[in-house]
Amino acid sequence: MTDHLAKAVARRRTFAIISHPDAGKTTLTEKLLLFGGAIQLAGEVKAKKDRMQTRSDWMKIERDRGISVVTSVMTFEYGDHVFNLLDTPGHEDFADDTYRTLTAVDAAIMVIDAAKGIEPRTLKLFEVCRLRDIPIVTFVNKMDRESRDPFEILDEVEEKLALDTAPMTWPIGRGRTFAGTYHLADNAVRRQDSEEEVTKVNGPEADSAAGLLPENDRDTFIEETALAIEACRPFDLEAFREGHLTPVYFGSALRNYGVRDLINALGKYAPQPRAQKAGDRLVKATDPKMSAFVFKIQANMDPNHRDRIAFVRVCSGRLQRGMKARLSRTGKTLGLSAPQFFFAHQRQLADDAYAGDVVGIPNHGTLRIGDTLTEGEDIVFEGVPNFAPEILRRVRLEDAMKAKKLKEALQQMAEEGVVQLFSPEDGSPAIVGVIGALQLDVLKERLRAEYGLPVSFETARFSVCRWISAENDVEVEKFINAKRGDIARDLDGDAVFLASDGFSLNYEAERWPAIQFAHVKEYHPQKAA
Ligand code: G4P
């Protein structure tokens, strides 16, 4: 069994794709799934995305959750490996969902548009990966279009991300002349018109690769590759796994080019499921007892059964259908009667899942984001963070008689991670917090459709929210007593300070040097009331 477990774990690669909108994430996802045999026809992921373009269409899709969820996680096999690709919402208004998802992966592919280089959202998502030292494989996409000089792109990655680069391939031409890639370490070529394995090149210095180019471009190519081999860093597995160096591949997702390089790189270099921290304990992926954590909740995936699916990442052992798991937050037992795997277009009951796998667990509100499930052990995984909301609003009910129902509904929405909820210490109505305005639209629509509660939003007198703490709890108490009108509790009962603006936050921070004002809170559900 242990041997079986170790083998199952070693085969798994769990990853996400990070990029700025339009760099080609959807196209690449589709091509990866095609390679994995998970979908037959290119264009299906894309078709879904197109339907999600406008806000009203998007709302429809939200209501019909069956569509949006199929891409939350996609499992496919390729070669000896099982790949779990975790999708992240494209729209930045749902950034906190993306950040939580990144806590559940062991590696990421960073897609860069060859004409644009590092764009703002790529930078932001990269920073989240860096917090966890997630190894990154870089894909410079759209080489079939006019693009920037490859050295310039490598420099930009190094400078803007403070990340070492190791080019693994080099583009043979670009734009109209793009003819394939030259594999620097192996002196081998893969032609643009063939996705077959690379062909070894006989002869020195990429001469025959240059033969694929118009005569005028050959010398430049030979000079470039010579320089790349001489001046760029060679690939270093350890540095990659530690998150300090990224192997870089060039290609074109649209033309299905370079995609195989990426799958091979993930299989060969990306780490197998990593050990996860739970307080003082480091839970190894090969530890025999099952453990897992919830990083995402999706409600009403099937409109006929008002169910919630909790997406859990298995961290160790073997999650088996029918087993009983302990929910650390409450100490209660939960039967896992119908865990599910997700493929591109279907879900399927999961009989066995191993570390690195993501399974959906249907439940009626028992599971919350950040929850830990175990085979009996009393541990809590660290690391599903909350980010301070950027928009704070009070919810105004059209029918004041329904206040109790609203309270329950908001609590549920907060447990699902749709919004954050803050209850002011002075007893005034709860405040909802979101990162992006679209989240408010979703909240409004779901309160109406699922709970029959038409609401509107009012600006609160606060616009900034920070979690407060101090070395000494007495200091926090002092602060709370002095500022009671500006203090609220989050879902876990942790105190936040609400300020009208950044200026008044700074002012209080200066006056109360013992208090720390944090804009990120790691999720610790054991503290929940
Ligand atoms: P995203 O999910 O990161 O937002 O990007 P997506 O895959 O939707 O790609 C954005 C646009 O870039 C699409 O064009 C897509 O076809 C194009 N694209 C992606 N990869 C490549 C590539 O390797 N080469 C070229 N030339 N284009 C690429 P669009 O015009 O928005 O959509 P469509 O009408 O072409 O489908």
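A crossing of two helices is called right-handed if the near helix is turned clockwise from the far one by less than a right angle, and left-handed if the turn is anticlockwise. The views below are taken from a predicted model.

**View 1. Helices H6 and H7 cross in a right-handed sense.** Helix H6 spans residues 95-102 and helix H7 spans residues 120-131, and their axes come within 10 Å of each other while crossing at roughly 40°. That angle makes H6 oblique to H7, since the roughly parallel class is kept for angles under 35 degrees.

**View 2. Helices H13 and H14 pack against each other at an angle of about 120°.** Helix H13 is formed by residues 403-415 and helix H14 by residues 437-451, and the two axes lie 11 Å apart. H13 and H14 are therefore oblique to each other, and their crossing is right-handed.

**View 3. Polar contacts link the ligand to Asp 22, to Ala 23 and to Arg 145.** On the backbone side, a polar atom of Asp 22 is 2.6 Å from an oxygen atom of the ligand, and a backbone N or O atom of Ala 23 lies 3.3 Å from a ligand oxygen atom. Arg 145 takes part through its side chain, where an N or O atom is 3.1 Å from a nitrogen atom of the ligand. The ligand taken alone exposes 710 Å², of which the protein buries 73%.

**View 4. The shell around the ligand draws on helices H2 and H3.** Helix H2 (25-35) and helix H3 (44-51) are the elements that give two or more residues to this shell, and H2 supplies the largest share, namely three residues. The residues around the ligand number 17, and those that come nearest are Asp 22, Lys 25, Thr 26, Thr 27 and Asp 144.

**View 5. The shell around the ligand, shown by residue class, contains nonpolar, polar and charged residues.** Seven residues of the shell are charged, six are polar and four are nonpolar. Asp 22, which is among the residues that come nearest to the ligand, is also the residue whose polar backbone atom is 2.6 Å from a ligand oxygen atom.

Key: Residues numbered from 1 in each chain as written. Predicted model: local features only at pLDDT ≥ 70, side-chain atom pairs only at ≥ 80, totals over all residues. Heavy atoms only, no water. Near = heavy atom within 4 Å. Polar contact = N/O pair within 3.5 Å; in protein donor to acceptor, adjacent residues only side chain to side chain. Areas by Shrake-Rupley, 256 points an atom, 1.4 Å probe, with all protein chains shown as cover. Helix = DSSP H or I, 4+ residues; strand = E, 2+ residues; numbered from the N terminus. Nonpolar A, V, L, I, M, F, W, Y, C, P; charged D, E, K, R; others polar. Axes fitted to C-alpha atoms, helices over the stretch in contact; angles between N-to-C directions. Parallel < 35°, antiparallel > 145°, perpendicular 65-115°, else oblique.
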